[in-house]
Amino acid sequence: MNPQFPAFKKIITNSLRFAFFKLVKLPAAFVAGLKVGYIDEYKTVILVRHGWINQNPFKSMYFAVQAMAAEMSTGLFPVGQTYKRSPSVSMLVVGLEAKFVKKATGLIAFTCNDGLRVTQTIEEAIATKQGKTIVCESVGTNEQGEVVAVFHITWSFKSK
């Protein structure tokens, strides 16, 4: 595990610093209203509320906003595990599959529980100096706990 993960977590859970990060690096996430609901080494929850700015013509959350939240829920693990890491590790989304189960309205939570697997994959990429991939799952649920979408996002890691 990256010893810098706690420092990353402190930055990412500070709402003002995270808002600045989104504004500078991920302006679409800033506009869409993505927020960190929870993060540790094992689990990440990204929250997004359906509203006028992120809706589709059918009065539910636009699929791209859901994909953005799902990607972020899977992507905070590798960002945290590569934060200030030596050797540095490059990361890239190389695949995405989505299944939309129910209209996404209200507050939607995208949860990924693959933190340990991501950490192991990154450590393997560093140890072998070869590219490694992992498929992470993010499940979006509404306020009633009903599944609205399931995403499988494939990440690629390579030690520099």
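Begin by selecting Cys-136 and Ile-153 in this predicted model: Ile-153, in strand S6, is the bridge partner of Cys-136.

**The S5–S6 hairpin**

Extend the selection to residues 132-141, which make up strand S5. This strand pairs with S6 in the antiparallel sense, and the pairing comprises 10 bridges. Next, display the connection between the two strands: S5 and S6 form a hairpin, and five residues lie between them. Within that turn, select Gly-145, whose phi is positive at about 85°.

**The S3–S6 pairing**

Keep S6 (residues 147-159) on display and add strand S3, residues 89-100. These two strands run antiparallel and are joined by 11 bridges. For one position in this part of the model, select Lys-99 together with Val-150; the latter, in S6, is the bridge partner of Lys-99. S6 is thus bridged to S3 and also to S5.

**Thr-121 in helix H5**

Move to helix H5, residues 115-128, and select Thr-121 within it. Is this residue buried or exposed? Thr-121 counts as buried because its relative accessibility is 11%, and the limit for that class is under 20%.

Show the neighbours of Thr-121 next. Leaving aside residues up to four places away in sequence, Thr-121 touches Lys-132, Thr-133, Ile-134 and Phe-157. Of these contacts, Lys-132, Thr-133 and Ile-134 lie within the S5 range of 132-141, while Phe-157 lies within the S6 range of 147-159. A distance label may be added between the C-alpha atoms of Thr-121 and Lys-158: they are separated by 9.9 Å, with the two positions 37 residues apart along the chain.

**Backbone features in the loops**

Select Ser-86 and Pro-87, which are joined by a cis peptide bond with omega of about 0°. Pro-87 is located in the loop between helix H4 (63-82) and S3.

Then go to the loop between strand S2 (44-49) and H4, where Lys-59 is found. Lys-59 is not a glycine, yet its phi is positive, at about 65°. With a relative accessible area of 59%, Lys-59 is exposed.

A further stop is Lys-129, in the loop between H5 and S5. Here too the residue is not a glycine, and phi is positive, at about 55°. Lys-129 counts as exposed, its relative accessibility being 61%.

**The whole chain**

Finally, clear the selection and view the entire chain. How many helices and strands does the chain have? There are five helices and six strands, and from the N terminus on their order is α-α-α-β-β-α-β-β-α-β-β.

Along its principal axes, the C-alpha trace spans about 50 × 30 × 25 Å. The radius of gyration is 16 Å, which agrees with the value near 15 Å for a compact globule of 160 residues. Colouring by accessibility will show the buried residues, which account for 43% of the 160. The accessible surface amounts to about 8600 Å², and carbon and sulfur atoms contribute 58% of it.

Contacts may be drawn as well: among those between residues at least 6 apart in sequence, 70% join residues at least 24 apart. To close, select the charged side chains: 19 are positive and 10 are negative, and the centres of the two sets lie 8 Å apart.

Conventions:
Residues are numbered from 1 along each chain as its sequence is written. This is a predicted model: local features need pLDDT of at least 70, side-chain atom pairs count only at pLDDT 80 or more; totals for chains, interfaces and linings use all residues. Side-chain values use heavy atoms; hydrogens and water are left out. Helices (H or I, at least four residues) and strands (E, at least two) are DSSP runs, numbered from the N terminus. The radius of gyration is taken over C-alpha atoms; the globule rule is 2.2 Å times the number of residues to the power 0.38. Buried means under 20% relative accessible area, exposed over 50%, partly exposed in between (1.4 Å probe, protein chains only). Contact means heavy atoms within 4.5 Å. Accessible areas come from the Shrake-Rupley method with a 1.4 Å probe; for residues, only the protein chains shown count as cover. Lys and Arg count as positive and Asp and Glu as negative; His and the chain ends are not counted. The place of a charge is taken as NZ of Lys, CZ of Arg, CG of Asp or CD of Glu. Two strands pair if DSSP finds at least two bridges between them.
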